[in-house]
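Hi,

Here is the structure I promised to pass on. Have a look at it first, and then read my notes below.

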Amino acid sequence: QNFGIMAGRLISYEEVKQHNKENDCWVVIDDKVYDVSKFLSLHPGGRQVLLNNSGRDVTDQFHVFHSDKILKKYQKRFLIGTLKEKQNSGPVQVEGTFGDMIPFGDPIHYQRFNSPYYKETHIKWRKKIRDFVELEIIPTMDEWKNDNVPPRDILLKMGQAGFLAAMTGCHPYPGQYLDDDVDAPPEDFDYFHELILYDEISRCGSGAVVGALTNGPAIALSAILQFGTEEMKNRVAPDVLMGRKYIALAISEPHAGSDVAGIVTTADRDGNNFVLNGNKKWITNGYYADYFVVAARTGGKRQLSFFLVEREREGFDVRKIHIRESNLTGTSYLDFDNCIIPETNLIGKINHGFKLVMYNFNHERFYITCICLRLSRVCIEECIKYALRREAFGKKLSELQSIRLKLAEMIRRVESYHAWLEYVTYQLCTMSHLEANQKLGDIICLLKAGVSKIYEFCASKTTMIFGGNALYVDGVGSKIEGAVVSVKAYAIPAGAEDVLDDFAVRTAFKQAKLYARL
């Protein structure tokens, strides 16, 4: 209440100018007046910086060196009023638009294009997710993004909002596994709702945060919901979809990453049980997962099977792998030493796991594609804002042709691939699962490999534009720093770029031999 009163106080610029002394230091930022007298000794750039600019409007200088989150952090302590002679009338409001209106910082249909894909149900869903991200994730993530476990309260809220259930690739929406009081699902739920969900959550700019909050439902639980027994679904899905428990997908091994056929972990039948022996590595969310969806060899070269493994199983051990800047994703090493799994934990049919892997990969690659494109957009958005504020060689960065050309290439690549992503999403909406598996596997491989390269390109160009600020976790480039360090974490999962490209072109040659008039 006191904060609201202080923020509503009107202060003239003449009055601000009088407060320019060491014990009486005011500044103006974005038409808000702050008394920073007690902040002088705390200012990371030194007290003299504030003293030299006291009694003045320092909006431009502030935004060159600081991220917006700094204002949010300290506003309640130092805000004393609003400038009477308001300098900034705010941006021009354009009817029918959505978001901050940074050009190309959002998909272009948010700002000025018509789209054949999105309906009112998608627009409502988009706003619901953005409100959640702006309220629950972005303001708090600095407090927990380096923790070993994501905050349970956020997962519970995501479950209650129906977000976790929307990530599984299950269409229709799996509402039968949710609590009775969960928010109603979006009308006519489809893959575009899922695309919007990954896209909006990824606006936070941190690949680690996105992976921690979404990975389990998107790539692990999806296998159970598609191929598990109804008993298994009822046993596992409710707690995962409500955010009460975590789940992880365990395919990669120390000697078998993209080479799924090279898996050596075994599951030998023993009466009504299977005995698992072997290791898994690079398992995202494994450190804190309650359930694991594990691929193991049960026969010959392509005879794999999938199993549900509960964390408390005897003979099963989980060890954390330390990935730079990614503690939150809980990447882990798994050991199976004569771990006994009941036959009821078999997912799908025995020896049909390779087919399940390929089916699950389509959805996993779609999921990663959505995330990579938005993280690339974060780079574009932050670069445009920074280039309009930062000066070098006597000019704004936005006035330097070299900067503009970097951004032009970033924008061209992101917009091209986003159009392709939407086209593929439309195919997912209109094809059966069987048809999609037959027709989209090679296309989604090219798409995923392409966007991970675009993300790397955008991160590289962003680093050149921001300079040292791109590496500074607390400064104006804090959002960029999170995006830049996540690049390699999205280039490898669901298949390395070269493996995906090779598969797609081998498929093209096979199709040419079968169908083309050569």
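What follows is a run through the cavities, a pocket, a surface patch and some salt bridges.

Before anything else, please keep in mind that this is a predicted model.

**Enclosed space**

I'll start with the cavities. The search of the whole structure turned up 2 cavities of 30 Å³ or more. The largest holds about 80 Å³ of space. Its lining is made by L155, L164, A212, L213, G216, P217, V240, G243, K245, Y246, I247 and N285. If you want one element to bring up on screen for this cavity, pick helix 10 (residues 207-227), which gives the most to the lining, with 4 residues. By class, the lining of the largest cavity splits into 8 nonpolar, 3 polar and 1 charged.

The second largest cavity has about 40 Å³ of space. Around it you'll find H109, Y110, Y118, H122, I123, R126 and I196. Here helix 6 (residues 120-137) gives the most to the lining, with 3 residues. The classes in this lining are 4 nonpolar, 2 polar and 1 charged. Helix 6 comes back below, in the salt bridges.

**The second largest pocket**

This one is open rather than enclosed, and the volume of the second largest pocket is about 1000 Å³. It is lined by 33 residues, and those closest to the centre are R302, F354, M358, F503 and T507. Three helices each give two or more residues to this lining: helix 12, helix 14 (433-466) and helix 17 (497-515). Helix 17 has the largest share, at 10 residues. As for character, the lining of the second largest pocket has 15 nonpolar, 9 polar and 9 charged residues.

**Salt bridges**

There are 32 salt bridges in the whole structure. I picked out three pairs and one network to show you.

Within helix 6, K127 pairs with D131, and their closest N and O atoms are 2.7 Å apart. The two residues sit 4 apart in that helix, about one turn. How covered are they? K127 has a relative accessible area of 45%, so it counts as partly exposed. D131 is partly exposed too, at 39%.

Helix 6 also supplies R130, whose side chain meets that of E200 in a salt bridge (2.8 Å, N to O). This pair joins distant parts of the chain, as R130 is in helix 6 and E200 is in helix 9 (residues 191-201), 70 residues apart. Is R130 buried or exposed? With a relative accessibility of 6%, R130 is buried, because the cut-off for buried is under 20%. E200 goes down to 0%, and so it is buried as well.

The R130 and E200 pair is also part of a wider arrangement: D106, R130, D199, E200 and R374 are linked in a network of salt bridges. It's worth colouring those five residues together when you open the model.

The third pair is R377 and E415, with the closest N and O atoms 2.8 Å apart. This is another link between distant parts of the chain, from R377 in helix 12 (residues 353-389) to E415 in helix 13 (residues 401-430), 38 residues apart. Both residues of this pair are buried. Helix 12 is a name you've met already, since it is among the helices that line the second largest pocket.

**On the surface**

V92, V94 and M101 make a nonpolar surface patch of about 270 Å². M101 is in the loop between strand 6 (79-83) and helix 6. At 30% relative accessibility, M101 counts as partly exposed.

One last residue to look at is K76, in helix 5 (residues 68-78). Is K76 buried or exposed? Its relative accessible area is 67%, so K76 counts as exposed. K76 and C379 are 303 residues apart in sequence, and their C-alpha atoms are 29 Å apart in space.

That's the lot from my side. Shout if anything is unclear when you go through it.

Cheers

Notes: Residues numbered from 1 in each chain as written. Heavy atoms only, no water. 1 Å grid on protein atoms, 1.4 Å probe; cavity = no way out; pocket = protein on both sides within 12 Å on 5 of 7 lines; lining within 4 Å. Points joined across faces, edges and corners; volume = space filled by probe spheres on them. Nonpolar A, V, L, I, M, F, W, Y, C, P; charged D, E, K, R; others polar. Patch = residues over 30% accessible without salt bridge, like charges linked within 9 Å, V, L, I, M, F, W, Y side chains within 5 Å. Areas by Shrake-Rupley, 256 points an atom, 1.4 Å probe, with all protein chains shown as cover. Salt bridge = Lys/Arg side-chain N within 4 Å of Asp/Glu carboxyl O. Buried < 20%, exposed > 50% of the residue type's maximum accessible area, 1.4 Å probe, protein only.
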